[in-house]
Amino acid sequence: MNTAGRLTVFGAGLVVAFGGAYATAGALVPDGALTAWQEGADMATHVDMEGHADMATHGDRGGHGAEHESGASLPGLSLAQDGYVLAPVQAPANVGDNGVLRFQILTPTDTPLRDYTASHGKDLHLVVVRTDGYGFRHTHPDFDKATGTWSVPWQWDAAGSYRVFTDFAPADAGKMTLSRTFEVAGEFSPVRDPGIRTVAEVDGYTVRLDGGLVAGVTTSLKVTVTRGGQPVTSLEPYLGAFGHLVALRDGDLAYLHVHPAGDEPAADQRGGPAIEFATAAPTAGRYLLYLDFQVDGRVHTATFVVDAAPGDPSQHAGGQADEHSGGH
Ligand SMILES: [Cu+2]
């Protein structure tokens, strides 16, 4: 299988969510510019609702991976796809307010979507991150099927412009990722330059990242978890894998949700200290990586910053021949 095909196979578990339009929505956006962008997004909804046929390739396994590499038509760019719409997200407006984050997915007939196909053990995955990469959260809201409403207790610990990604598959359509921005009032101190980081400390664990990203080429990433200098071999399956890795492109939060190579572990199986992933960065440049792993029933998130090297164009048509077997 060529690289493009492989990328699409990963697409089953890989959410490439390019929020390109809000590259400017990060740190210091004049109110007018943000308003203009939001209006643009609303327009995009209408375009999509009426012209969704040309977006129907997302979520299939038909070998359209090559277009992902262009970055122009990646899933997750929009709040709408194939007629499905992420309705406005409700959440606390201010830092520190206790509340609930809730939303609905609307179907092409404008009714709340009630029937989903589970992926990685969940009907819907919610990823929220500030546009400078701060405050990453990957969580699983509760679903009220009577109203088709997803909700999860929520509190913001910092102000700013956030991106809300919903990763799901309607029962009668392919997998998709829809996203919206959400603005949290308060004084905002953006993370200016996180710098390269390949060793993360989280909750007493040290997690090292080996391997690199190369634009347009599937490469292997390995993370190794230790605690007090000792390898951790008690990683528990979390959502059907020993680890979940999300890579966000610095600058626009384009995102790849990548699952480990290897078969899905049994519930009583333990993993570690190493977890291997395979992924292809869509372009060269900086990426923020977030690894979720679980030990003793607790999920920890390790954060890395890496640069993807420019790809070799001659490799785009070749590449690895092995099939992904990540247990999707
Ligand atoms: Cu999830």
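Strand 15, residues 244-249 of this predicted model, is largely enclosed by the rest of the structure, because six of its six residues are buried. Its side chains split two ways: His244, Val246 and Leu248 point to one side, while Leu245, Ala247 and Arg249 point to the other, and all are buried. So even the arginine at the end of the run counts among the six buried residues of strand 15. As for pairing, strand 15 runs antiparallel to strand 18 (residues 285-295), with six bridges between them. Leu248, for instance, has Leu288 of strand 18 as its bridge partner.

Now for the metal. Which residues hold the copper ion? The protein donors are His125 through ND1, plus His138 and His140 through NE2, at 1.8 to 2.1 Å from the ion. Along the chain these donors are spaced as H-x12-H-x1-H. His125 sits in strand 4 (residues 124-130) and His138 in strand 5 (residues 137-139), 13 residues apart, so this pair links distant parts of the chain. Both His125 and His138 are buried.

Elsewhere there's an open sheet of five strands, ordered 1-2-3-7-6, with antiparallel pairing. Why do strands 1 and 6 have one side without a neighbour in the sheet? Strand 1 (80-81) and strand 6 (142-144) stand at the edges and each has a single partner strand, so one side of each is left open in that sense. Further in, strand 3 (residues 99-106) and strand 7 (residues 149-154) run antiparallel and are joined by six bridges. One of the pairings across them is Gly99 with Trp154 of strand 7.

Two single residues are worth a look, and here is how buried they come out:

| Residue | Relative accessibility | Class |
|---|---|---|
| Thr219 | 15% | buried |
| Ala169 | 8% | buried |

Both values fall under 20%, which is why the two residues count as buried.

Thr219 belongs to strand 13 (residues 219-227). Leaving out neighbours within four places in sequence, Thr219 is in contact with Gly212, Leu213 and Val214, and also with Phe277, Ala278 and Thr279.

Ala169, on the other hand, is found in the loop between strand 8 (160-168) and strand 9 (176-184). What does Ala169 touch, not counting residues up to four places away in sequence? The list is Tyr116, Thr117, Asp123, Gly174 and Lys175. Leu124 is 45 residues from Ala169 in sequence, yet their C-alpha atoms are 7.7 Å apart in space.

Notes
Residues numbered from 1 in each chain as written. Predicted model: local features only at pLDDT ≥ 70, side-chain atom pairs only at ≥ 80, totals over all residues. Heavy atoms only, no water. Donors = N, O, S within 2.8 Å, 3.2 Å for Na, K, Ca; no water. Helix = DSSP H or I, 4+ residues; strand = E, 2+ residues; numbered from the N terminus. Buried < 20%, exposed > 50% of the residue type's maximum accessible area, 1.4 Å probe, protein only. Pairing = 2+ DSSP bridges. Contact = heavy atoms within 4.5 Å.
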